[in-house]
Amino acid sequence: MHVRLLISMIALTVIPVIFLQAFYTGYMINHIRANRIDLVRNYGALIGKEMLQTDYLEGQASAVIDGEIQQFSGLYDGRIVVTDADFTVRMDTYGMLMGKKLVSEEVVLALQDTELSYYDRDSDQVWLTYVIKDETEETIRGMILFFVSCADLTESHDIILRTMTLVMISVGLLLIVLSFVMARIFTKPFKHMATSINRISEGYFDEEVCLTGFSEVEQISDAFNTMLKRLKELESSRQEFVSNVSHELKTPLTSMKVLADSLNMQPDAPVELYREFMQDIGEEIDRENTIINDLLSLVKMDKTEADLNIANISINDLLESILKRLKPIAAKKNIELVLESYRTVTAECDEVKLTLALSNLVENAIKYNIAGGWVKVTLDSDHKYFYVTVADSGIGIPEEYQEKIFERFYRVDKARSRETGGTGLGLAITKNIVQMHNGAIKVVSKEDEGTTFSLRIPLTYIKQ
Ligand code: ADP
């Protein structure tokens, strides 16, 4: 980035300077040459007038005019040739053509009223023709052929060019140095950031990226720190999850080990004891199985939503079948299970997953209920969502734990949950499923009075 920035800055500064110089010097030299042609032509008009006044072109000698012409040609290190309308040379500052006929292309053209001007690069001269006409501007009386040196102009132009080149080179160098410094200043925060990120990648998670200078850079560093914080949270929740999983899976194993050891230590243990302990071991195996199954469902939920099998299903039917299945379990505790549907609801959902989510809620409402209590499930909808509530008259959840119950393996009362076969994963699974359907879940509960879970799920599934 540093090099690219430097190259672009140099290109942006030096190229315009070079262009400016090339254009300016080209323009300058053409301009001053055009000026010289104008000057010579003006002089032609002046001296031509004098010639007409003194019959110079008819052969009337004039020392004054000759002197003036000599002086002018001397001034510009040139040659001036004057002819009359019959091509006869009346004046030649070199004296070579005096009185002779000069029939060259430019003279013929001039006497046909076509003036020419030309710059000859080799000799560094401009030459031009001036047509002398009488006052009526109709009759051509002669012409003047000028050869004027531009050496003095070229010389001063060269001096200007050299000075300009020197100035431009200095400006260019200054700009390069300035570009270099600027590029360093601009890229410094990024280098700093790369160093910080590298340190974090090396494992120094507690360090933060702290960049100041430009607000954009500060924004990047803030965004990076937020991402880092989130990663730290994810990492710690991952570690917690792994340790929870290990602990949960170990507990039944430990129980089984204790049971098996105590049998092994009694060689003459009665068959009844064997039977009893083997039954306990069987229960622990079931528990281990439940935990593993729950974990597997949770891991599946963590995968992408592509796993969702969305179909238009009747929520009324779905709730009815859940309640029908759980009724015998509720009956065992003498718990009344009621469903109140305010309207017929069909929605785009994954039937299997939604059944699992709602079953978890109803099972909990039975599990954490009092004998002779009630569980009430309601279903309602509007034009956008359907709403399910699962209310119970159970033991309730103390306020401080209400946020945590959706976390994996979190159980308010571990002993009771274990007694009822809970793994602490049910609500985590439910919440995951609800979120997969772009819905929301919340809990309202009061200790010893009861708990209500409320679900809100869109009727139409929108892929996120
Ligand atoms: P578990 O398998 O232990 O039931 P869940 O994730 O389903 O795990 O629930 C987490 C914890 O939330 C439970 O251990 C229980 O303490 C509490 N809980 C869930 N539902 C209810 C409810 N209806 N009434 C009281 N407590 C509940």
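**Close-up 1. Helix α10 and the residue that follows.** Just after α10, N438 takes a positive phi of about 60°. The model shown here and in the other views is predicted. Helix α10 spans residues 426-436. Nine of its eleven residues are buried, so α10 is largely enclosed by the rest of the structure. The buried positions are G426, L427, A428, I429, T430, N432, I433, V434 and M436. Helix α10 also supplies at least two residues to the lining of the second largest pocket, the subject of the next view.

**Close-up 2. The second largest pocket, with α5 and α10 in its lining.** The space in this pocket comes to about 540 Å³. Its lining consists of 17 residues. Nearest the centre of the pocket lie L234, S237, F406, E407 and R408. Helix α5 provides the largest share of the lining, eight residues. Both α5 and α10 supply at least two residues each. By residue class, the lining divides into nine charged, four polar and four nonpolar residues.

**Close-up 3. S221 in helix α5.** Helix α5 runs over residues 215-264 and includes S221. With a relative accessibility of 3%, S221 counts as buried because the cut-off for that class is under 20%. When neighbours within four places in sequence are left aside, S221 is in contact with V209 and L211.

**Close-up 4. F277 in helix α6.** F277 belongs to helix α6, residues 271-302. Its relative accessibility is 15%, and F277 therefore counts as buried. The C-alpha atoms of F277 and V258 are 9.9 Å apart in space, while the two residues are 19 apart in sequence. Apart from neighbours within four places in sequence, F277 is in contact with L259, S262 and L263.

**Close-up 5. Helix α8 and its start.** Helix α8 covers residues 351-367, 17 residues in number. From its first C-alpha to its last, α8 reaches 24 Å, close to the 24 Å expected at 1.5 Å a residue. At the start of the helix, a side-chain oxygen of D350 comes to within 3.2 Å of the backbone nitrogen of V352. The buried residues of α8 are K353, L354, A357, L358, S359, N360, L361, V362, N364, A365 and I366. As background to reading such a list, an α-helix has 3.6 residues a turn, so residues three or four places apart point the same way.

**Close-up 6. S393 and its polar contacts.** S393 is located in the loop between β10 (385-392) and α9 (414-419). At 10% relative accessibility, S393 counts as buried. Its side chain takes part in a polar contact of 3.1 Å with the side chain of N369. The side chain of S393 also reaches the backbone nitrogen of W374, at 2.9 Å. Not counting residues up to four places away in sequence, S393 touches N369, I370, G373, W374, E449 and G450. N369 and W374 thus appear both among the residues touched and as partners of the S393 side chain, N369 at 3.1 Å and W374 at 2.9 Å.

**Close-up 7. K442 in strand β11.** Strand β11 comprises residues 440-446, and K442 is part of it. K442 has a relative accessible area of 51% and is exposed, because that class begins over 50%. Outside the neighbours within four places in sequence, K442 is in contact with T452, F453 and S454. K442 and A391 are separated by 51 residues in sequence and by 12 Å in space, C-alpha to C-alpha.

**Close-up 8. F87 and D124, loop residues with positive phi.** F87 sits in the loop between β1 (79-84) and β2 (89-92). Although F87 is not a glycine, its phi is positive, at about 70°. F87 has a relative accessible area of 22% and is partly exposed. D124 is found in the loop between β3 (117-120) and β4 (125-133). The phi of D124 is near 55°, again a positive value in a residue other than glycine. D124 is buried, with a relative accessible area of 14%.

Terms used. Residues numbered from 1 in each chain as written. Predicted model: local features only at pLDDT ≥ 70, side-chain atom pairs only at ≥ 80, totals over all residues. Heavy atoms only, no water. Helix = DSSP H or I, 4+ residues; strand = E, 2+ residues; numbered from the N terminus. Expected span 1.5 Å × (residues − 1). Buried < 20%, exposed > 50% of the residue type's maximum accessible area, 1.4 Å probe, protein only. Polar contact = N/O pair within 3.5 Å; in protein donor to acceptor, adjacent residues only side chain to side chain. Contact = heavy atoms within 4.5 Å. 1 Å grid on protein atoms, 1.4 Å probe; cavity = no way out; pocket = protein on both sides within 12 Å on 5 of 7 lines; lining within 4 Å. Points joined across faces, edges and corners; volume = space filled by probe spheres on them. Nonpolar A, V, L, I, M, F, W, Y, C, P; charged D, E, K, R; others polar.
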